[in-house]
Amino acid sequence: MSPRAKRLATKAAENDHDISERRACRLVGLARSTARYEPKPKPDDHDVIGRIRELATGHKRFGYRRITSLLRREGSGINAKRVHRLWKAEGLQVRRKPRRRRRAGAKGEVLKRSAHPNHVWTYDFLEDRTQRGGKLRILTVLDEYTRESLAIRVARTFPSKSVIEELEWLFLTRGAPKHIRSDNGPEFTADAIRTWLAERDCDTIYIKPGSPWENPFIESFNGSLRDECLNMELFVSLSEAREVVENWRRDYNDLRPHSSLGYKTPSEFAKTWRDENGTEDLERAASPLRPTASADLQRQTERAEILSL
């Protein structure tokens with residue numbers, strides 16, 4: 001019997017058979033405090049449901065936990081259980097992606113886990129198409145420690161020269177990482193990139209062929225990018241794709257709660273780390289930028305002048 005049914009049985013025994021509450025509770029097997037419990041009236045959920053619907057409409061692929069985090073940021077003291085109850089009642093459940101079955105032993109240890117910001121970066125490619133079928137290649141760069149999206153670049157093609165140009169800009173503005181992780185794609189294994197990274201004291205970490213689980217951070221990020229942005233949009237042109245993707249990247253860094261960071265945003269997590277450890281530790285941990293070619297030095301000088309404006 002449920003506690004509610006036992007309470008009803010206790011009341012019936014008291015009223016119909018004129019026995020004491022103590023004896024009725026003993027017969028039913030119910031604590032006297034439970035028998036005296038009066039259910040509290042449910043709070044008015046109308047306003048909360050309205051706000052949950054607004055957030056769910058703006059973030060169609062967010063689950064109730066992230067919505068709870070957003071509500072708390074707004075000053076609401078609501079708990080996750082209440083949001084979950086309202087979430088199910090309103091039919092807002094997000095369809096779960098089916099899990100892929102992996103072969104035995106596929107899950108292994110990630111080599112050289114990041115210990116601080118700017119320690120290990122990771123990068124990879126995605127592909128998409130415009131409304132007319134035009135091919136889009138998307139380069140994503142991630143800081144594995146803070147989960148910050150450092151760059152998402154969209155182009156028709158992406159030769160190794162273009163990859164170097166994007167990394168050059170990031171190295172100039174953020175400092176060079178100690179390691180950078182990738183798969184064995186031709187853009188990442190090209191001699192030009194390997195040489196360029198070696199000249200800047202940035203070690204390359206290549207995962208085993210056919211082992212994406214060795215690069216879990218960028219795989220998870222790319223899954224979120226595709227699920228929350230690419231699959232939700234139909235791009236008319238390359239310029240529109242660049243604008244939409246960049247807006248999503250900024251929301252990802254500044255607004256989207258990240259479950260692996262205690263539902264902080266990557267920007268908040270990075271700021272907390274800097275406040276606790278100081279920027280000097282980060283600068284000391286980063287590899288120095290040492291351009292060796294005059295062309296590289298000229299491009300970096302021009303970009304530094306732009307940043308100082």
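Biologist: How many salt bridges does the structure hold?
Modeller: The structure, which is a predicted model, holds 18 salt bridges.

Biologist: Which residues are linked in a network of them?
Modeller: Salt bridges link Glu127, Lys135, Arg137 and Glu187 into a network. Within it, lysine 135 pairs with glutamate 127, and their closest N and O atoms are 3.6 Å apart.

Biologist: Are lysine 135 and glutamate 127 buried or exposed, or something in between?
Modeller: Lysine 135 is partly exposed, with a relative accessible area of 38%. Glutamate 127 also counts as partly exposed, at 40%.

Biologist: What about helix α11? Which residue does glutamate 246 form a salt bridge with?
Modeller: One partner is arginine 249, with the closest N and O atoms 2.9 Å apart. Arginine 250 also forms a salt bridge with glutamate 246, at 3.3 Å between the closest N and O atoms.

Biologist: How far apart are those partners along the helix?
Modeller: Glutamate 246 and arginine 249 are three residues apart in α11, so about one helical turn separates them. Arginine 250 and glutamate 246 are four residues apart in α11, again about one turn of the helix.

Biologist: And which of the three are buried?
Modeller: Glutamate 246 is buried because its relative accessible area is 16%, under the 20% cut-off. Arginine 249 is buried too, at 15%. Arginine 250 is partly exposed, at 47%.

Biologist: Switching topic: where does arginine 147 lie?
Modeller: Arginine 147 lies in the loop between β2 and β3. At 16% relative accessibility, arginine 147 counts as buried.

Biologist: What is the nearest side chain of opposite charge to arginine 147?
Modeller: That is aspartate 143, 7.3 Å away, and arginine 147 has no salt bridge. A salt bridge needs the nitrogen and oxygen within 4 Å.

Biologist: Then what does the side chain of arginine 147 reach?
Modeller: The side chain of arginine 147 reaches the backbone oxygen of glutamate 144, at 2.7 Å. Beyond its neighbours within four places in sequence, arginine 147 has contacts that include Leu142, Phe217, Tyr252 and Pro266.

Biologist: What about the phi of arginine 147?
Modeller: Phi there is near 65°, a positive value in a residue other than glycine. Most residues other than glycine have a negative phi. Tyrosine 263 has a positive phi as well, about 60°. Tyrosine 263 sits in the loop between α11 and α12 and is partly exposed at 27% relative accessibility.

Biologist: You listed Phe217 as a contact of arginine 147. Which residues of α10 are buried?
Modeller: Phe217 is one of them, and the others are Ile218, Phe221, Asn222, Ser224, Leu225, Asp227 and Glu228. Their cover includes β1, β2, β3 and α11.

Biologist: What span should α10 have, and what does the model show?
Modeller: With 13 residues, at 1.5 Å a residue, α10 should span 18 Å; its end C-alpha atoms are 18 Å apart, which agrees.

Biologist: Now leucine 197: which helix is it in, and which residues is it in contact with?
Modeller: Leucine 197 is in α9, and it is buried, with a relative accessible area of 0%. Leaving aside its neighbours within four places in sequence, leucine 197 is in contact with Tyr123, Leu167, Phe171, Ile180, Cys202 and Thr204.

Biologist: Last one, for the whole chain: how many helices and strands?
Modeller: The chain has 14 helices and five strands, and buried residues make up 40% of its 309 residues.

Terms used: Residues are numbered from 1 along each chain as its sequence is written. This is a predicted model: local features need pLDDT of at least 70, side-chain atom pairs count only at pLDDT 80 or more; totals for chains, interfaces and linings use all residues. Side-chain values use heavy atoms; hydrogens and water are left out. Helices (H or I, at least four residues) and strands (E, at least two) are DSSP runs, numbered from the N terminus. The expected span of a helix is 1.5 Å times one less than its number of residues. Buried means under 20% relative accessible area, exposed over 50%, partly exposed in between (1.4 Å probe, protein chains only). Contact means heavy atoms within 4.5 Å. Lys and Arg count as positive and Asp and Glu as negative; His and the chain ends are not counted. A polar contact is a pair of N or O atoms within 3.5 Å; within protein, one must be able to donate a hydrogen and the other to accept it, and residues adjacent in sequence count only if both atoms are side-chain atoms.
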